[in-house]
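Biologist: I have a model on my screen and want to learn how to read it. Can we go through it feature by feature?

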Amino acid sequence: MSQSRLLSVLVENKPGVLNRVASAVRRRGFNIDSLSVGPTDDASVSRMTITVQVGRQQAEQATKQLAKLIDVITIDDVTGQRVVAHELLLIRMHAPHSSRRDVLDIVDIFRGRVVDIAVESVIVEVTGSTEKVDNFIELMRPFGIKEVARSGAVALVRGDDARLRLLDFELPSGEPEIHPVSGDDDEAVDTTGNV
Amino acid sequence: MIQARPDTEAEEPAAAKRPLTGAEIVFECLLAEGVSTIFGYPGGANLPLYQHLPSYPQLHHVLVRHEQGGAHAADGYARSRRGAVGVVFATSGPGALNMVTGLATAYADSVPVVAITGQVAITAVGTDAFQESDVIGSTMSVTKHSYLVTRIEDIAPTIREAFHVARSGRPGPVLIDLPKDLQQATMEFEPATEPVRLRSFPEPPRPDGMKLRRIAQLISEARRPVMLIGRGVIISGAETEVMELAHRAHIPTGWTLLGTGAFPVRDPLALQMVGFMGAGFTNRAVCDADLLILIGMRCDDRVTTRLDSFAPRVEHIVHIDIDPAEIGKNVVPHVSLVADAKTALGALLPLVEPKREHEWLTTIDQWREEHPIRFVHRNGLLQPQEVLIEMYRRCQDEAIVLADVGLNQIWAALWFDYRKPGRFLNSGGTGTMGYAFPASMGAKLSNPDKTVFCISGEGGFVMNMQEMATMVEQNIDVNVLILNNASLGMVRQFQDEFYGGIRSAVDLSFTPDFVKLGEAFGMKAMTTDRAADVGPMLDEALAHHGPVLMNFDIDRDANVYPIVPLGKGMLDFVEAS
């Protein structure tokens, strides 16, 4: 069954990497819901956060295919893990004097911020989970949405032992740095397979 | 690691350093990688490379007559000899784009090739300049990796990294797009000494001991084990280990099209090719097996046929492959091992108890008798198998055999007949018609001491026949066998059997007179349609030093059997009648 899966990927910060990653996902026939990319504390490394609507086995295949790319340093399917996954929403609302107070009340409840204000409209910034942003947009709809821009999710795993790290050459190399959604030594046969 | 120090402490006198051009740096780096042969075609954007090429007489440049031929030749060069990497040059735009099919062929079959394409000057990249095309974009999905070099300082590290990527792990083609102005720029060049390390590209892991013990246990418990091997076994050089495992636990062993040659066909434990056009007894063995050991293979649709018909009685599937993405892609294993085949089997062998299941082997031998690989003599017409049997007789378990794509390919695979592991090259993944002939030229240059036979249909041969000029110019001693049925045979068979019997666009009666054609290019050429002539013709070809073109007018209605009708399952194979 298809569901939204969250992939966190560390990639080389080089030209063309976004193209390669996007192509590898497209090549397997998967649609990218959102993809955000930005620098990390290491200038040579960027982090991509990808959300795709796929089944578990497809996600595993996509993850493994991405892990094969030379420019992909590590990849983790963090769906269902303890993660902080937030996105940024900018929304321009129709907000004339008559309805502005009502709009701003909801913005407050969502801990949003007004970042621009004009005579007939406001631009509001909201951050949080995709679900929270979806809910906020639903509540804004009756007031008249003029424009929406969403960043797509960025995510980090919670806790001290963050799962994504750069491979250390000096360590004896273990299994490649892939964390597929299921262990590949499952004795139980996957029902999506043929056996 | 401690290394012996040289006796003399004296430092080498520092050679007077002169700046090298980017083009010279390319050649220095190729020599450092052990390259001795380059297939290539010059053009505007790689002229600086060709300007400096004559200064490197130790590099043998083969001027191919089409860039696709060059890419296939580099593939054949690498595929025919373990450890070799094929190198091919092309210019920008059309030159590079002509290689796409050749790169895709190498990619699908995991062949290490390094392609160096000229690109317009870095200042002109992106301006739609003359003969500019987006080569990186066009080849991204058919290469393991690709590089656009943007600074002269990056040329040497890029070439080193490209060779490392091409040959490590699951091998594959790598493309380097090298702008013309960087080939002409100069810098002081210091050969690198550090090994290449890529943080995203770890060494294959050591096989996990727990899993190895589990696999050994499954082997000892199995009552109906079958092993299937693919090209990964050949790449890794694990033929001996596969034989040892098969014999220690008496495991019948079959192979994929690309695994053909890895296991001796005459071995009592040898099954045959599996799958869509595999032997009936192999498919029956797979479908009845309780343990299936898959090594170095992808389980593609030509192997499994309809996926739900593949190995229905199996209790455990073990899959060993170096590429984690192949594990569970099509067939979901119970135990998997991401590892190099030779390493994995080397570690597994000591854990495997010798054993024998008489009943299972007897059953398989029965099936072997019920479903022999056979052909039918018809109307006194020359059968392709008669040609192949005569050819394999002359291979002495040594010759390198290439097959093109289509009926000729499957016939050649099914009749491959060595008593020890041998080399059978064909485009198994992409099924590229026109592969065999240019690849055979690479194979011969890579293995000058070995006899090379190139089998092709007349359709595939003409797709890259321009390479006859290269063959003759270089006097490359390849024996070409055209199995000529005056049609696109496999398509014709599919139309006859699966597409309503309507023959459409498969008639090749208008192919040229191959004797005249070969002679026009300067090749020795012969033709026959009689079985009695086949042996003497082959002997004459083998006695001749230089390329020989042999045309065999075979039975136009000869088909491949067994075959699983499209959409049917593994046991629905149709046999020769």
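Biologist: Let us start with helix α16 of chain B. How many of its residues are buried?

Modeller: Keep in mind that this is a predicted model. A residue counts as buried when its relative accessible area is under 20%. In helix α16 (residues 384–393) of chain B, 8 of the 10 residues pass that test, so the helix is largely enclosed by the rest of the structure.

Biologist: Which residues of α16(B) are the buried ones?

Modeller: Begin with P384(B), Q385(B), E386(B), V387(B) and L388(B). Then add E390(B), M391(B) and Y392(B).

Biologist: And how many residues are buried in helix α12 of chain B?

Modeller: Apply the same cut-off. Helix α12 (residues 280–288) of chain B has 8 of its 9 residues buried, so it too is largely enclosed by the rest of the structure. G280(B), F281(B), T282(B) and N283(B) are buried, and so are A285(B), V286(B), C287(B) and D288(B).

Biologist: What covers the buried residues of α12(B)?

Modeller: The cover includes three strands and a helix of chain B: β9 (225–229), β11 (270–273), β12 (291–295) and α15 (358–370).

Biologist: Next, helix pairs. What describes the packing of two helices?

Modeller: Two values do: the angle between the axes and the distance between them. Try α1 (residues 22–32) and α7 (residues 155–167) of chain B. Their axes come within 9 Å and cross at roughly 30 degrees. The crossing of α1(B) and α7(B) is right-handed.

Biologist: Which residues make that contact?

Modeller: From α1(B), take G22(B), I25(B), V26(B), C29(B) and L30(B). From α7(B), take I155(B), A156(B), I159(B) and F163(B). By class, this contact has 8 nonpolar residues, 1 polar and no charged ones.

Biologist: Now α11 and α14 of chain B. Is their crossing left-handed or right-handed?

Modeller: The crossing of α11(B) and α14(B) is left-handed. Helix α11 spans residues 239–249 and helix α14 spans residues 341–348. Their axes come within 9 Å and cross at roughly 35 degrees. On the α11(B) side, the contact uses E241(B), V242(B) and L245(B). On the α14(B) side, it uses K342(B), L345(B), G346(B) and L348(B). The class count for α11(B) with α14(B) is 4 nonpolar, 1 polar and 2 charged residues.

Biologist: On to empty space. How many cavities of 30 Å³ or more does the structure hold?

Modeller: A cavity is space where a probe fits but cannot get out. The structure holds 1 of 30 Å³ or more. The largest cavity has about 70 Å³ of space.

Biologist: Which residues line the largest cavity?

Modeller: The lining comprises R79(B), R231(B), I234(B), L258(B) and T260(B), together with G422(B), R423(B), F424(B), L425(B) and N426(B). Helix α10 (231–236) and strand β16 (424–425) of chain B each give two or more residues to this lining. By class, the lining has 4 nonpolar, 3 polar and 3 charged residues.

Biologist: R79(B) makes me think of N46(B). How far apart are they in sequence and in space?

Modeller: They are 33 residues apart in sequence and 26 Å apart in space, C-alpha to C-alpha. N46(B) sits in the loop between β2 (37–40) and α2 (47–52) of chain B. At 0% relative accessibility, N46(B) is buried. Beyond its neighbours within four places in sequence, N46(B) contacts Y41(B), F89(B), A90(B), T91(B), G118(B) and Q183(B).

Biologist: Over to chain A. Is S121(A) buried or exposed?

Modeller: S121(A) is buried, with a relative accessible area of 9%. It belongs to strand β7 (residues 121–128) of chain A. With neighbours within four places left aside, S121(A) contacts R92(A), M93(A), A95(A), R100(A) and K146(A).

Biologist: Last, the backbone. What is the usual pattern for phi and for peptide bonds?

Modeller: Most residues other than glycine have a negative phi, and most peptide bonds are trans. Look for departures from that. Phi of D128(B) is positive, near 60 degrees. D128(B) lies in the loop between β5 (113–119) and α6 (135–139) of chain B.

Biologist: Where is C299(B) found?

Modeller: C299(B) is in the loop between β12 and α13 (301–304) of chain B. Its phi is positive as well, near 55 degrees. C299(B) is buried, at 2% relative accessible area, whereas D128(B) is exposed, at 72%.

Biologist: Which peptide bond is cis?

Modeller: The bond from Y561(B) to P562(B) is cis, with omega near 0 degrees. P562(B) is in the segment after β20 (548–553) of chain B.

Notes
Residues numbered from 1 in each chain as written. Chains lettered and ligands numbered in written order. Predicted model: local features only at pLDDT ≥ 70, side-chain atom pairs only at ≥ 80, totals over all residues. Heavy atoms only, no water. Buried < 20%, exposed > 50% of the residue type's maximum accessible area, 1.4 Å probe, protein only. Helix = DSSP H or I, 4+ residues; strand = E, 2+ residues; numbered from the N terminus. Axes fitted to C-alpha atoms, helices over the stretch in contact; angles between N-to-C directions. Left-handed = near helix turned anticlockwise from the far one by under 90°. Contact = heavy atoms within 4.5 Å. Nonpolar A, V, L, I, M, F, W, Y, C, P; charged D, E, K, R; others polar. 1 Å grid on protein atoms, 1.4 Å probe; cavity = no way out; pocket = protein on both sides within 12 Å on 5 of 7 lines; lining within 4 Å. Points joined across faces, edges and corners; volume = space filled by probe spheres on them.
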